[in-house]
Amino acid sequence: MADRGRRWTVLVTGASTGLGLALARRLIHTRHRLILTARASSLARFADAGVSDDGEHVHLRALDVTSAAQRHDVIEEAEARWGGVDALINNAGVMYRAVLEHVDDAERLAQMDINCLAPLDLIRLVLPGMRARRAGRIINVSSVSGMMAMPTMAAYSASKFALEGATEALYYEVRPWNIKVSLVQPGFIHSESYRNVRLTDASSRSLDDVDEAYHAHYEHMQPFVERLMDASRSTPDRVARTIVRTLQRRRPPLRVPATLDAWVFAALRRLLPRSIYHWVLYRNLPAIRTWGLPPGDREPARPAASPAGAVEVGAGEAEPELATAAPLGLEVERSGAATAAGPPPGPRR
Ligand SMILES: NC(=O)c1ccc[n+]([C@@H]2O[C@H](COP(=O)([O-])OP(=O)(O)OC[C@H]3O[C@@H](n4cnc5c(N)ncnc54)[C@H](OP(=O)(O)O)[C@@H]3O)[C@@H](O)[C@H]2O)c1
């Protein structure tokens with residue numbers, strides 16, 4: 001890491017699956033001590049992935065980030081056993097798929113808690129030790145949704161925008177103590193994570209009811225996002241490599257776009273006047289002209305992926321949403337080109 005002479009203690013949240021596990025697998029090959037955390041119910045996944053606690057280099061620890069007591073205990077234990085956390089990677093996160101009108105207080109709080117409030121509290125807990133040592137690294141895993149918002153992701157975007165705002169302030173606040181703070185921003189990752197997307201009570205009902213006002217929003221956005229994830233060339237391992245490189249940089253930037261589409265969106269936001277940017281994104285939403293119309297007047301949604309898992313586009317079809325995928329650098333396969341197994345089952349309810 002930045003201080004190459006010392007062995008660092010690196011704490012990762014949500015490390016038993018997805019990006020967190022890819023990160024754990026990469027960090028294991030460094031000389032640094034790891035505290036890999038996951039919810040108690042998910043700890044068994046480490047063994048399945050061949051990651052074990054050796055009592056010295058790798059420590060596996062239960063941490064539900066929404067538990068204030070567990071947050072406190074894990075940091076206190078790290079201080080007692082290893083002199084504190086030198087690098088904190090806030091990776092754990094969830095996504096609710098719901099329009100703003102379909103998120104109630106409890107769901108809103110759960111989204112904000114896991115993705116923003118808990119990471120900020122973990123930072124608060126590690127900072128006194130980092131300031132005392134006059135060194136430290138904090139990496140918050142954000143998202144393209146922390147720089148732009150999409151329909152049916154209101155609460156998720158709110159959580160990542162909030163995380164970005166707080167992290168930006170922190171970047172200035174702790175620099176005098178040589179504590180380096182970064183936001184890593186993945187876009188669409190080719191992974192199974194869409195299986196973990198959560199529906200709220202109201203969005204679940206709407207998805208099941210064609211007469212519900214927002215039905216078309218979900219019917220079109222769900223397969224649209226899944227197609228883009230399926231077509232993305234960015235894997236959890238590639239994003240994990242970007243995070244490790246960010247840790248190793250002497251002067252890490254505050255924001256690190258971590259996939260090609262994240263770079264494109266960051267550039268679009270910088271270069272395009274905001275009104276044109278929003279107009280372009282709006283016009284490229286799938287079947288947007290028919291959202292809000294009575295069921296008989298709407299366009300049917302395209303499925304998320306072919307039975308073979310590949311994104312299918314019939315030859316010669318001009319799909320408006322592909323205009324979004326193309327500038328994002330996402331490759332959409334033509335009919336007949338199969339990649340993975342099985343159609344996606346859709347989000348958790
Ligand atoms: N996948 C993408 O396309 C994408 C794009 C942009 C940003 N991101 C961000 O990348 C990060 C990792 O996501 P991922 O793609 O790896 O998704 P994932 O496969 O769904 O993994 C999410 C991780 O967060 C953990 N988690 C959820 N609630 C938790 C809690 N209360 N306490 C502790 N851990 C909890 C999960 O543990 P359990 O298994 O126990 O639930 C899991 O390990 C998230 O912050 C996400 O917002 C992902």
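## A tour from Thr152 to the ligand

Begin by selecting Thr152: this residue has 26 C-beta neighbours inside 10 Å, so Thr152 counts as buried. The model is a predicted one. Thr152 sits in the loop that runs between β6 and α5 (154-173). Display the backbone torsions here: Thr152 is not a glycine, yet its phi is positive, at about 75°.

Next, select Ala287. This residue also has a positive phi without being a glycine, with a value near 55°. Look for Ala287 in the loop between α10 (274-283) and α11 (322-325). Is Ala287 buried or partly exposed? Ala287 has 19 C-beta neighbours inside 10 Å and therefore counts as partly exposed; the cut-off for a buried residue is 20 or more.

Now move to the ligand and show the residues around it. The shell holds 28 residues, and those that come nearest are Gly14, Gly18, Ser42, Ala92 and Gly93. Colour the shell by class: twelve residues are nonpolar, 14 are polar and two are charged. Which helix gives the largest share of this shell? That helix is α1 (residues 18-27), which supplies three residues.

Stay with α1 and select the whole helix. Eight of its ten residues are buried, so α1 is largely enclosed by the rest of the structure. To highlight the buried residues, pick Gly18, Leu19, Gly20, Leu21, Ala22, Leu23, Ala24 and Leu27. What do these buried residues pack against? Their partners are the strands β1 (9-12), β2 (33-38), β4 (87-90) and β6 (136-141), together with α8.

Add α8 to the view, residues 236-248. The axes of α1 and α8 lie 8 Å apart, and the two helices pack at an angle of about 55°. Angles outside the parallel, antiparallel and perpendicular ranges count as oblique, and α1 and α8 are therefore oblique to each other. Their crossing is right-handed.

Finally, show the side chains where the two helices meet:

- From α1, select Gly18, Leu19, Ala22, Leu23, Arg26 and Leu27.
- From α8, select Pro236, Asp237, Val239, Ala240, Arg241, Ile243 and Val244.

By class, this contact of α1 with α8 has nine nonpolar residues, one polar and three charged. Gly18 is a useful place to stop: Gly18 is among the residues that come nearest to the ligand, is one of the buried residues of α1, and belongs to the set that meets α8.

Definitions and conventions
Residues are numbered from 1 along each chain as its sequence is written. This is a predicted model: local features need pLDDT of at least 70, side-chain atom pairs count only at pLDDT 80 or more; totals for chains, interfaces and linings use all residues. A residue is near a molecule or strand if its C-beta atom, placed from the backbone, lies within 6 Å of it. Helices (H or I, at least four residues) and strands (E, at least two) are DSSP runs, numbered from the N terminus. Ala, Val, Leu, Ile, Met, Phe, Trp, Tyr, Cys and Pro count as nonpolar, Asp, Glu, Lys and Arg as charged, and the others, Gly among them, as polar. Axes are lines fitted to C-alpha atoms, for helices over the stretch in contact, and angles run from 0 to 180 degrees between N-to-C directions. Angles under 35 degrees count as roughly parallel, over 145 as roughly antiparallel, 65 to 115 as roughly perpendicular and the rest as oblique. A crossing is left-handed if the near helix is turned anticlockwise from the far one by less than a right angle, and right-handed if clockwise. Two residues are in contact if their C-beta atoms, placed from the backbone, lie within 7 Å. A residue is buried if 20 or more other C-beta atoms lie within 10 Å of its own, exposed if 12 or fewer, and partly exposed in between; C-beta atoms are placed from the backbone.
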